[in-house]
Amino acid sequence: MLEILITLAILTFLFWLGFHITGALLSAAIWIFIKLPIAILLVCLGLTLSITILLIPLGSKCFKVALNVLT
């Protein structure tokens, strides 16, 4: 009976650990493959818009949006 309880405790711990590792890997993959390219494109757009004098406010807003995407 004690062996069954120990086995169930170990199995529960392994499922818990696997759940958290899978969540961390999924979060990292979403950040690397979705959020980072979007932020890079927004920074490039903001840099391009900041070159022209009339569009500087729009360029600074693009920088702010890029920072919000990464957080």
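**Group meeting: a two-helix chain**

Let's start with one residue, Phe13, which sits in helix α1, the element running over residues 2-51. Phe13 comes out as partly exposed, because its relative accessibility is 47%, and partly exposed is the class between 20% and 50%. Please keep in mind, everyone, that this is a predicted model.

Phe13 also has company on the surface. Together with Met1, Leu2, Leu5, Ile6, Ile10, Leu14, Trp16, Leu17, Ile21 and Leu25, Phe13 forms a nonpolar patch. The accessible area of that patch adds up to about 1,200 Å².

Now let me step back to the whole chain. How many helices and strands does the protein have? There are two helices and zero strands. For 71 residues, a compact globule would have a radius of gyration near 11 Å, whereas this protein has 23 Å. The C-alpha trace tells its own story, spanning about 75 × 15 × 10 Å along the principal axes. Of the 71 residues, 10% are buried. The protein exposes about 5,900 Å², and 86% of that comes from carbon and sulfur atoms.

Back to α1, then. Does its length look right for a helix, you may wonder; what should its 50 residues span? At 1.5 Å a residue, the expected span is 74 Å, and the end C-alpha atoms of α1 are 72 Å apart, so the two agree. There is a bend to mention as well: α1 has a kink of about 35°, centred on Trp31.

Which residues of α1 are buried? Those are Ala39, Leu42, Gly46 and Leu49. Here is a handy reminder: an α-helix has 3.6 residues a turn, so residues three or four places apart point the same way. Let me take Leu42 from that group, a residue of helix α1. Is Leu42 buried or exposed? Leu42 counts as buried because its relative accessibility is 19%, and the cut-off is under 20%. If you want a distance to check in your viewer, the C-alpha atoms of Leu42 and Ala29 are 20 Å apart, with their positions 13 residues apart in sequence.

On to the other helix, α2, which covers residues 56-70 and includes Lys64. Ala66 is in α2 too. Let's put these two side by side. Lys64 is exposed, since its relative accessible area is 57%, while Ala66 is buried because its value is 3%.

Both give us a distance to a residue outside α2. Lys64 and Leu49 are 15 residues apart along the chain, and their C-alpha atoms are separated by 13 Å. For Ala66 and Leu14, 52 residues apart in sequence, the C-alpha to C-alpha distance is 38 Å. Leu14, you'll remember, belongs to the nonpolar patch we began with.

That's my tour, and I'm happy to take questions.

Note on methods
Residues are numbered from 1 along each chain as its sequence is written. This is a predicted model: local features need pLDDT of at least 70, side-chain atom pairs count only at pLDDT 80 or more; totals for chains, interfaces and linings use all residues. Side-chain values use heavy atoms; hydrogens and water are left out. Helices (H or I, at least four residues) and strands (E, at least two) are DSSP runs, numbered from the N terminus. The radius of gyration is taken over C-alpha atoms; the globule rule is 2.2 Å times the number of residues to the power 0.38. Buried means under 20% relative accessible area, exposed over 50%, partly exposed in between (1.4 Å probe, protein chains only). Accessible areas come from the Shrake-Rupley method with a 1.4 Å probe; for residues, only the protein chains shown count as cover. Patches are made of residues with over 30% relative accessible area and no salt bridge: like charges are joined within 9 Å, nonpolar side chains (Val, Leu, Ile, Met, Phe, Trp, Tyr) within 5 Å. A salt bridge is a side-chain nitrogen of Lys or Arg within 4 Å of a carboxyl oxygen of Asp or Glu. The expected span of a helix is 1.5 Å times one less than its number of residues. The bend at a residue is the angle between axes fitted to the seven residues ending there and the seven starting there.
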